[in-house]
Amino acid sequence: MTQLTLIEQNLQNADQPAQYQEVLTLVTQLATTLAFSPEPALDLSAYGLVPMLNLSPQQWVQKPVETTLPLLRNKRIHWRMNWRADYSVDTLFIKLGTGGRVNHCQLIWSIFDEHSKVVATAQIDGTTVVDGQWTALVLTAPLLKGQYFGELISPDADNQVNTLFLWVTIGEGTDDLGSITDNVIDLYRYGITPMMALSTPSPKQLSRSVELAWPLWRGKILQWYFEIASLQPPVSVIYLKLATAGKVKSNQLQLSLFNLVLEDLTWITTLTIDSSQVRDNHWTEVLLPSPLSVGSYIARLTAPQAETIENTLLVGLTWLGLDNYCYVSPAPTTRQRQRVLSTIKSRPRISLIVPVMIEEEIGIPPYLSSCLNSIWPQIYPDWELCLVTNQVAIIQNWLDTNFTEFSNRYAKQIQIIDSPPAMGLQHALTVITGEYLAMLFPTDQLTEDALLEIVMSLNQNQRAADLLYSDEDQVNAGESYNEPAFKPEWSPELLKGYFYIGQLGVYRTTLVRSLGGFRAEFYQSIPTIPTSSQRWQLFQGLLTSAVSSKCYEGQIWDLVLRLTELTQCIQHIPKVLYHRRRQWPLVGSGTMGQRVVTAALNREGLGGQLIPNPMTTTANLWRYPVRRQPLVSIVIPTKDSASLLATCLDSLCRLTTYPQWEVVVVDNGSQEATTFNLFKHYQTRLGQAFRVIRQEIPFNFSKLVNAGVRAANGEVIVLLNNDTELLGPPDWLSQMLGFAQQPSIGVVGGKLLYPQENTIQHAGLICGVAGVANHSHKHFPAYSLGYGQRLAVIANYSAITGACLMVTRARWEQIHGFDEQLGIAFNDVDFCLKLLAAGCRHLVLPHITFYHHESKSRGLENTLIKQRRLIKEEAYMRRRWGVLLKQDPYYNLHLTQRAEDFSLNLASIYGGARQSESWWRKIWQWLVNDE
């Protein structure tokens with residue numbers, strides 16, 4: 001076994017500092033052997049080594065494995081280089097050592113093009129070299145984008161005493177330029193973002209548990225992506241969490257903002273942050289010259305005056321995904337695999353369709369090797385792979401060259417078919433032989449147990465599913481997993497909002513064929529971006545990796561919508577079975593989603609139409625027309641609190657455009673004159689559309705609303721608290737009514753906000769969270785998109801708060817209204833769960849908004865009598881709904897039961913595990929070199 005093979009094997013397993021030390025020892029031995037070998041020309045690339053080169057003299061830029069190589073007389077050191085950036089460079093920095101001595105020898109560096117022509121040279125005076133630090137290489141001509149050979153010689157080195165040392169490290173292949181890369185570090189690629197707030201930072205933002213202070217180096221640009229939604233106030237201030245490391249800083253930071261569109265970046269402004277104003281580990285205000293409007297943006301942060309690490313500010317970074325998430329691989333033994341496989345009675349073949357479209361500028365799609373390497377080791381063996389491509393010969397040659405062993409072993413399970421991109425999935429459908437099919441894209445990976453879990457799920461149900469989908473996470477450029485998507489059970493309305501099922505859906509092949517398969521009109525061609533454009537320069541790899549999946553998302557989404565119109569045999573597997581490659585959001589890609597959902601609404605034949613989404617362009621909202629304009633009765637229980645009730649009624653009168661509505665106030669023993677005067681005022685103003693019924697009973701919310709509904713004349717009922725205030729839109733009743741009239745819908749709700757801090761009080765109820773049930777996204781900012789965009793789409797929930805609830809009278813009477821044994825709490829939850837058990841779905845319209853001055857009229861549950869009553873009612877609910885309270889179908893079991901913030905359940909197999917030190921080392925290496 002060669003030393004290089006040993007190095008590669010040890011480096012792959014280097015998870016601890018001790019193992020890195022073993023690799024370092026091997027590299028040092030190799031470098032020493034090569035230095036004194038008889039070869040006059042030493043090709044570093046042939047041994048997996050590269051010199052330590054950089055764009056700026058940063059002493060703290062380190063590789064995990066480094067060693068020195070003597071630069072001897074009469075020996076030429078050369079290596080292959082690939083300069084990928086579209087800008088020129090005339091000064092590079094090389095890391096040299098003196099061996100602790102003053103060296104008088106000279107070094108000459110020559111750069112050759114592919115035709116062995118010298119394009120640039122540089123000379124280094126050995127007396128100016130500082131031991132183990134970076135030395136400037138001033139080139140005689142600028143280095144442009146292209147392929148090169150670098151050669152280093154030391155013609156006047158006399159012996160080992162008068163010899164400089166070159167620092168070398170493990171290379172990424174013969175095409176690598178060492179540590180020279182683009183100076184833009186795209187944080188989005190690594191699943192991290194600066195600690196940034198678009199409004200006054202909330203306690204939640206201040207208490208993020210995963211933070212990392214990162215130095216802002218001279219010559220490096222930190223870049224990240226963010227969005228602004230329309231429901232928030234105009235953004236005129238940006239807050240960044242910066243640190244001084246306890247020192248007084250004299251340098252400045254520059255923050256540049258760009259508007260992001262598909263074709264290019266448009267510069268908006270560049271702002272200077274005075275570092276003397278930065279307080280250690282505090283939020284720093286950055287005032288904008290003009291407010292930012294709705295849209296997508298790129299921010300770039302630089303420290304042009306930073307000289308050393310001592311004179312560098314730190315920026316706080318945090319993960320985009322859930323804190324402490326850690327993907328857990330099944331890693332079963334051979335014996336365990338055989339035991340599991342032996343228990344499976346039905347073993348259907350699963351066909352994996354992978355579209356591999358070759359672009360002239362790109363060649364083989366990035367990460368295709370990783371994708372295929374996730375298929376070979378599948379625990380479940382009964383699969384076939386169908387590669388769909390527009391360049392069969394190129395793919396076949398690439399496969400034979402890179403995967404000889406696997407292509408031979410699985411020759412009968414692999415087929416390559418020729419097809420134009422738009423027809424790729426459809427052509428694959430005509431040749432596959434599996435009972436089920438799934439799409440996989442070159443950028444993405446299956447987990448080792450993905451197919452096994454799918455087949456186990458098919459075997460565990462009496463009637464095998466026609467569609468299965470799983471949870472997923474993201475894999476970043478450092479091959480680390482984060483930002484998991486823990487999905488709900490089958491949610492039809494959510495699917496119209498956005499394609500929440502994701503790319504790993506598994507479909508019954510016969511059913512797909514009976515539907516006509518994949519429709520070419522929903523293939524989305526990504527516009528070709530000129531290689532000279534600024535966006536191409538910055539995001540080339542990210543755009544190319546996004547193309548493969550985004551092109552086909554419309555076809556797959558359309559298929560799922562058509563398929564689910566025919567079958568309800570749909571199963572969610574609550575495990576991460578798929579790693580999706582992190583991609584830049586493609587602005588404007590929501591247009592295809594709108595076409596897909598419009599087609600689905602047209603097939604329904606109910607008159608549904610898309611409406612503008614005020615929150616985001618990447619998710620859909622729609623409405624249904626109202627049939628027959630039925631009378632809507634708004635039932636409002638109250639006791640005094642005239643000012644609250646007046647605010648509520650006034651907002652209804654000002655903002656409601658639907659003509660057929662009445663108000664039934666259920667008065668529970670009011671005594672104040674202002675209350676009775678208010679009743680008279682609205683009886684005069686609204687006439688027969690306003691009535692008050694008196695209920696002189698001890699407070700029992702269920703009895704009050706039941707009495708109000710009996711007295712109401714409407715075909716549709718709205719329960720509304722007296723401490724709510726309508727914010728809009730004016731057609732709120734029409735929009736809620738359009739959904740409530742659908743045969744499969746039970747209860748329709750809206751979004752309630754706390755007025756003081758403009759945060760969310762209610763956006764659907766989650767059963768079993770922090771008790772019997774609690775409000776999803778509580779205390780999230782009003783403009784937040786929520787977990788998985790649920791605050792920006794029409795989402796399904798198990799229950800809706802009685803503070804704002806619409807239901808038809810037929811549904812109300814079907815389950816006899818509210819349970820009067822639940823007089824105070826949980827009556828709305830119990831009501832919704834009864835309808836859920838009867839086969840109805842509930843949903844929240846996120847754009848229907850109210851302020852809710854919660855519990856101001858009734859008070860809090862803070863007395864001993866109230867608390868005892870609450871405990872009694874909670875026990876009643878647990879006896880009746882114990883199973884649902886343990887696992888809400890619209891809430892994933894891997895999310896916490898302790899809070900309403902959709903954070904990770906630490907008891908989950910994916911929770912509670914911190915990333916190892918080796919992970920930090922890998923991220924450090926990736927970020928520093930931006931490879």
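**Buried charges, salt bridges and an open sheet**

Student: In this predicted model, is Asp640 buried or exposed, and what is its relative accessible area?
Tutor: A residue counts as buried when its relative accessible area is under 20%. Asp640 falls below that cut-off and is therefore buried, with a relative accessible area of 9%.

Student: Where is Asp640 found, and about how many degrees is its phi?
Tutor: Asp640 sits in the loop that runs between β34 and α14 (642-655). Although Asp640 is not a glycine, its phi is positive, at about 50 degrees.

Student: Which loop holds Arg628, and is Arg628 buried or exposed?
Tutor: Arg628 has a positive phi of about 70 degrees, and it is not a glycine. It is found in the loop between β33 (621-623) and β34 (632-638). Because exposed means over 50% relative accessible area, Arg628, at 58% relative accessibility, counts as exposed.

Student: Which residue is joined to Gly728 by a cis peptide bond?
Tutor: The bond in question has an omega of about 0 degrees. The partner of Gly728 lies in the loop between β38 (724-728) and α17 (732-740), and this partner is Pro729.

Student: Which strands stand at the edges of the open sheet of five strands?
Tutor: The order in this open sheet is β12-β16-β21-β18-β19, and the pairing is mixed. Two of these strands each have a single partner strand, so one side of each is left without a neighbour in the sheet. Those edge strands are β12 (184-186) and β19 (265-274).

Student: How do β12 and β16 run where they are joined, and which residue of β16 is the bridge partner of Ile185?
Tutor: Three bridges join β12 to β16 (residues 221-228), and the two strands run parallel. On the β16 side, the bridge partner of Ile185 is Leu222.

Student: How many salt bridges does a search of the whole structure find?
Tutor: Side chains of opposite charge can pair when their charged atoms come close. A search of the whole structure for such salt bridges gives a count of 29.

Student: How many residues apart are Glu384 and Arg349?
Tutor: Their side chains meet in a salt bridge, with an N to O distance of 3.6 Å. The pair links distant parts of the chain, with Glu384 in strand β24 (residues 383-389) and Arg349 in the loop between α4 (334-342) and β23 (350-356). Glu384 is buried at 3% relative accessibility, whereas Arg349 is partly exposed at 32%. Along the chain, Glu384 and Arg349 are separated by 35 residues.

Student: What is the N to O distance between the side chains of Asp466 and Arg508?
Tutor: Asp466 is buried, with a relative accessible area of 8%, while Arg508, at 24%, counts as partly exposed. The side chains of Asp466 and Arg508 meet in a salt bridge, and its N to O distance is 2.6 Å.

Student: Which helix holds both Arg562 and Asp558?
Tutor: The side chains of Arg562 and Asp558 form a salt bridge at 3.0 Å, N to O. Arg562 counts as buried at 7% relative accessibility, and Asp558 is buried with a relative accessible area of 0%. The two residues lie four residues apart, about one turn of the helix, and that helix is α12 (residues 534-564).

Student: Which residues are linked with Asp558 and Arg562 in a network of salt bridges?
Tutor: The salt bridge between Arg562 and Asp558 has both its residues in this network. The residues linked with them are Arg519, Glu521, Glu565 and Arg603.

Note on methods: Residues numbered from 1 in each chain as written. Predicted model: local features only at pLDDT ≥ 70, side-chain atom pairs only at ≥ 80, totals over all residues. Heavy atoms only, no water. Buried < 20%, exposed > 50% of the residue type's maximum accessible area, 1.4 Å probe, protein only. Pairing = 2+ DSSP bridges. Salt bridge = Lys/Arg side-chain N within 4 Å of Asp/Glu carboxyl O.
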